[in-house]
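Dear colleague,

Please find below the structure that I agreed to hand over to you. My notes on what was found in it follow directly after it.

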Amino acid sequence: MSAVRIVVFASGRGSNLDAIVQAIRKKELPAQILAVVSDQPDAGALVKARQYDIPAISVPWSSLDQSLSVSDRRSFHEKQILEKILPLQPQFLVLAGYMRVLTGDFIDVFRSERGYSRMINIHPSLLPAFPGRNAYAQAYRYGAKVAGVTVHLVEKEVDSGPVCAQESFSIADCRTEIEVEEKGLAVEHRLFPDTLKWVLREDFSIEHRLDGRICVRSY
Ligand code: GRF
């Protein structure tokens, strides 16, 4: 099986990028990272990409004309990203802590003929619980006894789209938000590469349920 050509999007420190790179290096994940894209020029993920000799593409959100509407800025930003990544001919986009909302038009560029988007995201909760930012902190502050991680295909509605994999873990003993995050990241760093192994091969079918769609691995 030849390596699937991916572009990783990340806004932050890049620990999931590390986990993906390690899985590729260990030959557990047949993928090639063509570039790492970030909306944050100082993102740790870009620093890591350079250390790994992966092209690091910075498309700063903050440098856009602030007099434009958010929607216009979003379109312009995505256009700049597409100009940089389409020549690389990626087969899949992997969102690893990318903190920008993507438009339907952008997602449609990566839509397969089977109807799903070839974009995958990791979210630090058991969706649909705790969508949005700081999901581990949300779970801790709510007083939840379990937290979790969701890996899903991307759709226009934020933190939605067919669920590929989910894993829960107990936070009943956690005394701080940081402890929850540490436990969660350990799950993420295993679950994301493991899920990418079959999702990047498009080794799944999409099944319909009353409230949405799920991504079911083919065996
Ligand atoms: C992770 O918790 C991920 O689930 C969320 O953003 C965080 C990114 O962390 N979407 P990192 O940059 O991969 O370390």
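Asp 159 is buried, because its relative accessible area is 18% and the cut-off for burial is under 20%. In this predicted model, Asp 159 belongs to the loop that joins strand E6 (146–153) to strand E7 (163–170). Its backbone also deserves a look: the phi angle of Asp 159 is near 50°, a positive value in a residue other than glycine.

Two further backbone features occur in the loop between strand E5 (119–123) and helix H5 (135–142), where Pro 128 is found. The peptide bond leading from Leu 127 to Pro 128 is cis, and its omega is near 10°. Phe 130 lies in the loop between E5 and H5 as well, and its phi is near 50°, again positive although the residue is not glycine. As background, most peptide bonds are trans, and most residues other than glycine have a negative phi.

A second aspartate, Asp 39, is placed in the loop between strand E2 (31–38) and helix H2 (44–51). Is Asp 39 buried or exposed? With a relative accessible area of 2%, Asp 39 is buried. Its side chain makes a polar contact of 2.7 Å with the side chain of Ser 11, and another of 3.1 Å with the side chain of Gln 40.

Ser 62 offers a contrasting case, as it counts as exposed because its relative accessibility is 56%. This serine is located in the loop between strand E3 (56–58) and helix H3 (70–85). From Ser 62 to Phe 76 there are 14 residues in sequence and 12 Å in space, taken from C-alpha to C-alpha.

I turn now to the ligand. Where does the ligand sit? It occupies the largest pocket. The residues surrounding the ligand include Arg 13, Ser 15, Pro 124, Leu 185 and Glu 188. By class, this shell consists of 3 nonpolar, 5 polar and 2 charged residues. Helix H1 (15–25) and helix H6 (177–199) each contribute at least two residues to the shell.

Polar backbone atoms of the protein also approach the ligand. One such atom, in Gly 14, is 2.8 Å from a ligand oxygen, and a backbone N or O atom of Asn 16 is likewise 2.8 Å from an oxygen atom of the ligand. For Ile 122, a polar backbone atom lies 3.1 Å from a nitrogen atom of the ligand. Taken alone, the ligand exposes 370 Å², of which the protein buries 89%.

Yours sincerely

Note on methods: Residues are numbered from 1 along each chain as its sequence is written. This is a predicted model: local features need pLDDT of at least 70, side-chain atom pairs count only at pLDDT 80 or more; totals for chains, interfaces and linings use all residues. Side-chain values use heavy atoms; hydrogens and water are left out. A residue is near a molecule or strand if one of its heavy atoms lies within 4 Å of it. A polar contact is a pair of N or O atoms within 3.5 Å; within protein, one must be able to donate a hydrogen and the other to accept it, and residues adjacent in sequence count only if both atoms are side-chain atoms. Accessible areas come from the Shrake-Rupley method with a 1.4 Å probe; for residues, only the protein chains shown count as cover. On a 1 Å grid over the protein atoms alone, a cavity is a set of points where a 1.4 Å probe fits but cannot get out, and a pocket is an open set with protein on both sides within 12 Å along at least five of seven lines; lining residues have an atom within 4 Å of a point. A molecule sits in a cavity or pocket if more than half of its atoms lie within 2 Å of its grid points. Helices (H or I, at least four residues) and strands (E, at least two) are DSSP runs, numbered from the N terminus. Ala, Val, Leu, Ile, Met, Phe, Trp, Tyr, Cys and Pro count as nonpolar, Asp, Glu, Lys and Arg as charged, and the others, Gly among them, as polar. Buried means under 20% relative accessible area, exposed over 50%, partly exposed in between (1.4 Å probe, protein chains only).
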